[in-house]
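Please read the following alongside the sequence and the three-dimensional view, taking each region in turn. The walk begins with one helix and then moves on to its surroundings.

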Amino acid sequence: MTEAMQYSPSRQGDRQSGVSHAGPGGAAHHGGIGPAARIASWRWKPRVAHIQNAAAADVGRGSETMMTFARGDLFRAARWLKTGGHRAMVVTGFYIPQAEHPAAESDGPVGAIELCETLRAIGSDAWLVSDEPCEPVIRAGALSRLPEDHVAIAPADAQGFDKWIDAMHGLSDRNNIDTVIYIERVGPARDGNPRNMRGFDIDQWTAPLSRLTGLGLHVIGIGDGGNEIGMGRLDSMVIEDVVEHGERIACTIPADELIVSGTSNWGGHALVCAMYAMGCQRIAPLLDISWHQSVLADVARAGGLDGVTMRNTPTVDGLSEERYYRQIRMMSDIARGRC
């Protein structure tokens with residue numbers, strides 16, 4: 001393991017229609033392409049918008065409403081990543097301490113691993129990042145899918161975390177990492193503490209991985225409930241209006257692009273599907289249902305929990321397998337041009 005592994009867009013006050021348009025670094029990003037290429041890229045916009053609508057299908061948390069305030073962000077995020085050559089940290093892991101057998105939930109790790117494999121398949125690179133409470137589930141999902149030195153686990157104690165974050169600065173510099181993607185990673189609410197959907201403070205079990213935004217990189221956020229890192233891109237009133245306990249749990253950390261989805265795994269798959277629709281044909285195997293079933297099964301075998309039922313089953317957010325995979329299949333079909 002490397003040393004880093006051992007330590008194993010929002011312009012505030014400028015809010016229009018509930019969303020601010022600059023990223024955490026205070027500047028808009030254009031995916032590393034010139035004006036002519038940006039104009040040409042709009043030919044993909046209708047299909048990507050169709051994927052975005054499918055990903056945002058509401059399962060009871062107001063995702064369809066929240067998505068309207070970040071409409072177009074999926075397209076911009078996919079355009080940023082699709083060119084190849086980008087190097088990203090993909091951050092996930094949402095621990096459930098109230099469960100009979102506490103562990104990380106299944107929503108997030110599957111999408112994070114899918115994004116890592118996608119980036120590596122198109123000639124980019126990615127490191128999967130989480131923290132010690134979530135480690136067993138994260139490593140089980142990554143096993144045989146990512147190199148061991150591409151999984152970075154943050155320690156739970158404050159002193160150890162400070163050393164780890166310094167090591168991640170070094171990792172970023174050495175590998176020219178330019179992007180951080182957060183997917184279903186809880187972040188600080190207005191009081192500075194991370195809270196789950198039930199409003200409980202879970203700071204004790206959550207390393208402050210939002211501090212990776214301090215690296216000054218391009219930030220993409222993927223979430224489904226308002227309490228995830230990246231949701232600070234929305235005006236807090238949007239979350240308060242549609243999410244139960246929204247006033248207590250809304251995350252304050254913004255992103256350059258925010259992908260709001262019914263489940264965060266759907267949001268991760270939407271980003272992959274958008275990249276495929278834009279010409280990244282090498283990632284075709286990730287559009288198949290069998291890939292998703294395999295990763296989710298590995299996550300469950302390692303103790304991963306359904307975030308709604310808090311049970312150790314190969315399901316996501318209390319949805320039936322038929323309902324969950326229907327949306328995965330729909331996005332894949334849209335990306336392939338079948339609907």
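**Aromatic pairs and helix packing**

Phenylalanine 161 and tryptophan 164 both belong to helix H8, which covers residues 158-175, and they sit three residues apart, or about one turn of the helix. The model is a predicted one, and in it these two side chains form a tilted aromatic pair, with 5.4 Å from centre to centre and 35 degrees between the planes. Phenylalanine 161 has a relative accessible area of 2% and is therefore buried, and tryptophan 164, at 0% relative accessibility, counts as buried too.

A search of the whole structure finds four aromatic pairs. Another tilted pair is made by tryptophan 42 and phenylalanine 75, whose ring centres are 4.8 Å apart and whose planes meet at 40 degrees. This pair links distant parts of the chain, 33 residues apart: tryptophan 42 is in the loop between helix H2 (35-41) and helix H3 (45-55), while phenylalanine 75 is in helix H5 (residues 73-82). The partners can be described by their accessibility, since tryptophan 42 counts as partly exposed because its relative accessibility is 42%, whereas phenylalanine 75 is buried, with a relative accessible area of 1%. Elsewhere in the chain, Trp266, Tyr324 and Tyr325 form one aromatic cluster. A charge-over-ring arrangement is also present, in which arginine 43 lies over the face of tryptophan 44, at 4.1 Å from the ring centre.

Phenylalanine 75 leads on to the helix that carries it. Eight of the 10 residues of H5 are buried, so this helix is largely enclosed by the rest of the structure. The buried residues of H5 are Asp73, Leu74, Phe75, Ala77, Ala78, Arg79, Trp80 and Leu81. Just after H5, glycine 84 takes a positive phi of about 85 degrees.

Which helices, then, pack against H5? One of them is H3, whose axis comes within 9 Å of that of H5 and crosses it at roughly 115 degrees, and the crossing is right-handed. On the H3 side the contact is made by Lys45, Val48, Ile51 and Gln52, and on the H5 side by Asp73, Leu74 and Phe75. By class, the contact of H3 with H5 has four nonpolar residues, one polar residue and two charged residues. Phenylalanine 75 thus takes part in the contact with H3 as well as in the aromatic pair with tryptophan 42.

Another partner of H5 is helix H11 (residues 264-277), and these two helices pack at an angle of about 60 degrees, with their axes 9 Å apart. H5 passes H11 in a right-handed crossing. Here Leu74, Ala77, Ala78, Leu81 and Lys82 of H5 meet Ala270, Leu271, Ala274 and Met275 of H11. The residues of this contact between H5 and H11 divide into eight nonpolar, no polar and one charged.

Alanine 77 of H5 also has a counterpart in a strand: valine 219 and alanine 77 are 142 residues apart in sequence, yet 9.2 Å apart in space, C-alpha to C-alpha. Valine 219 has its place in strand E7 (residues 218-223), and at 1% relative accessibility valine 219 counts as buried.

Two loop residues deserve a look for their backbone angles. Serine 144 is found in the loop between helix H7 (135-142) and strand E5 (151-154), where its phi is near 70 degrees, a positive value in a residue other than glycine. Serine 144 counts as exposed because its relative accessibility is 74%. Methionine 310 likewise has a positive phi, of about 60 degrees, although it is not a glycine, and its place is in the loop between H12 and helix H13 (321-336). With 25% relative accessibility, methionine 310 counts as partly exposed.

The helix that precedes this last loop holds a charged residue to end on. Is aspartate 298 buried or exposed? Aspartate 298 lies in helix H12 (residues 289-301), and it counts as buried because its relative accessibility is 18%, the cut-off for that class being under 20%. Leaving aside neighbours within four places in sequence, aspartate 298 is in contact with Ala140 and Arg145.

Definitions and conventions. Residues are numbered from 1 along each chain as its sequence is written. This is a predicted model: local features need pLDDT of at least 70, side-chain atom pairs count only at pLDDT 80 or more; totals for chains, interfaces and linings use all residues. Side-chain values use heavy atoms; hydrogens and water are left out. Rings of Phe, Tyr and Trp (its six-membered ring) pair if their centres lie within 6.5 Å; planes under 30 degrees apart count as stacked, over 60 as edge-to-face and the rest as tilted. Helices (H or I, at least four residues) and strands (E, at least two) are DSSP runs, numbered from the N terminus. Buried means under 20% relative accessible area, exposed over 50%, partly exposed in between (1.4 Å probe, protein chains only). A charge sits over a ring if NZ of Lys or CZ of Arg is within 6 Å of the ring centre and within 35 degrees of the ring normal. Axes are lines fitted to C-alpha atoms, for helices over the stretch in contact, and angles run from 0 to 180 degrees between N-to-C directions. A crossing is left-handed if the near helix is turned anticlockwise from the far one by less than a right angle, and right-handed if clockwise. Contact means heavy atoms within 4.5 Å. Ala, Val, Leu, Ile, Met, Phe, Trp, Tyr, Cys and Pro count as nonpolar, Asp, Glu, Lys and Arg as charged, and the others, Gly among them, as polar.
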